[in-house]
Amino acid sequence: MSRFLGIDTSCYTTSAAVYDSSRGLVGEERIVLAVNQGSRGLSQSNMVFQHTRNLPVILKKLSPMLNQLEAAGVSSFPRRRADSYMPAFLVGKGMAESLAAALHIPLYEFSHQENHALAAIRSYPDLWGRPFYMIHMSGGTQDILYCSWSGDCMEISLLMKSQDITAGQFIDRIGVSLGLHFPCGKDLEKLAESGDGSYFIPCSSVKGAFSFSGPETRVQRDIQKGIYRSDDIARGVLAHIGNALEKELTAFPFEPGRPFIAVGGVMSNGYIRQCFTDICRKLHLIPCFADIAYSSDNATGNAFGAFMRYSHENIQR
């Protein structure tokens, strides 16, 4: 029995997980960073402060499972690019480097985006080493990606992104204006359940990219008018995101038969998941999701990735 630690300190969640070579995921803890009511985010310094405070608490909870650690994995940066940097990730990286040095175990560095992909691949292990498409929809990301492999390392190419704000930002900004607490995804999804579908938001005319800035301006103006019900607006926002996905994805020349992984906090939304599934069926692609509990920010992908990298390296020796 060998165990593998994963750590991720993203913009709004401190998380760690333990993967067992025989039993799979055996422990996972996370703390969502505190955001004041009415606020739409945090400064990087506040994120670093909260991660620094939260990470020891999380690791203490996981301490009974931290024996027999063979390796660790950590999100060291948002994307695997030279210009991709965010101070929040340095908290997790510093802790992981310290633990690896003290325990004399290897440390595998992943991007936050790779961690999300690996959280899904944990449910579809046959995808390891196979090329796939991925959609990453979260508070700060709206990317369509192509993922290939160089050995056991993912190589991610950008196919499409948002020209302005992301679907996650659209949800959060409208949610805060409707009186919901940031981040607003879960509460807005619940609010939308009682909407009647009468509130419609036209799709932007941008081709080959997502754009939610104009729709957000329109909805904010309608909220100020006070003539629409909050639940109708919430449902309209989700319907608009689904329509935007269909508009852009059906116009892109995807190769039929490929797996298409969907990750990120927005992809924990049941309505958006169903929209994505329907689109994939039309395009003859294979939709693959992380479990809803592990679609938003968490460290399970890094723990699983450390296990896979360590296992393959030892087989090759």
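**Core packing and local backbone features**

A polar contact of 3.1 Å joins the side chain of glutamine 113 to the side chain of histidine 136. The structure described here is a predicted model. Glutamine 113 belongs to helix H3, which spans residues 112-121. With a relative accessible area of 4%, glutamine 113 falls under the 20% limit and is therefore classed as buried. Leaving aside residues up to four places away in sequence, the residues touched by glutamine 113 are Pro78, Arg79, Met134, His136, Thr141, Asp143, Leu145 and Ile156. Histidine 136 thus appears both in this set of neighbours and as the side-chain partner in the polar contact.

The largest nonpolar core comprises 48 residues. Within this core, the residues with the most contacts are Ile135, Phe170, Ile241, Leu245, Phe260, Met267 and Phe276. Two or more residues are contributed by each of the following elements: strands S6 (132-137) and S9 (259-263), together with helices H4 (167-177), H5 (185-192), H6 (213-225), H7 (230-249) and H8 (270-283). Among these, H7 gives the most to the core, supplying 8 residues. Leucine 245, one of the residues with the most contacts inside the core, touches Ile135, Met137, Gln142, Phe210, Thr250, Met267, Ile272 and Ile279 when residues up to four places away in sequence are not counted. Two of these neighbours, Ile135 and Met267, are likewise listed among the residues with the most contacts in the core.

A second core, separate from the largest one, contains 29 residues, including Met134, Ile261, Ala306 and Tyr310. Met134 is also one of the residues touched by glutamine 113.

Several features of the backbone were identified in loops. The peptide bond leading from phenylalanine 182 to proline 183 adopts the cis form, with omega near -10 degrees. Proline 183 is situated in the loop between H4 and H5, and both of these helices give two or more residues to the largest nonpolar core.

Positive phi values occur at two residues that are not glycine, glutamine 68 and histidine 284. For glutamine 68, phi is near 60 degrees. Glutamine 68 lies in the loop that connects helix H1 (44-62) with strand S4 (69-77), and glutamine 68 counts as partly exposed because its relative accessibility is 43%. For histidine 284, phi is about 60 degrees. Histidine 284 is located in the loop between H8 and strand S10 (286-289), and histidine 284 is classed as exposed because its relative accessible area is 57%, over the 50% limit.

Methods:
Residues numbered from 1 in each chain as written. Predicted model: local features only at pLDDT ≥ 70, side-chain atom pairs only at ≥ 80, totals over all residues. Heavy atoms only, no water. Helix = DSSP H or I, 4+ residues; strand = E, 2+ residues; numbered from the N terminus. Buried < 20%, exposed > 50% of the residue type's maximum accessible area, 1.4 Å probe, protein only. Polar contact = N/O pair within 3.5 Å; in protein donor to acceptor, adjacent residues only side chain to side chain. Contact = heavy atoms within 4.5 Å. Core = buried A, V, L, I, M, F, W, Y, C linked by side-chain atoms within 4.5 Å.
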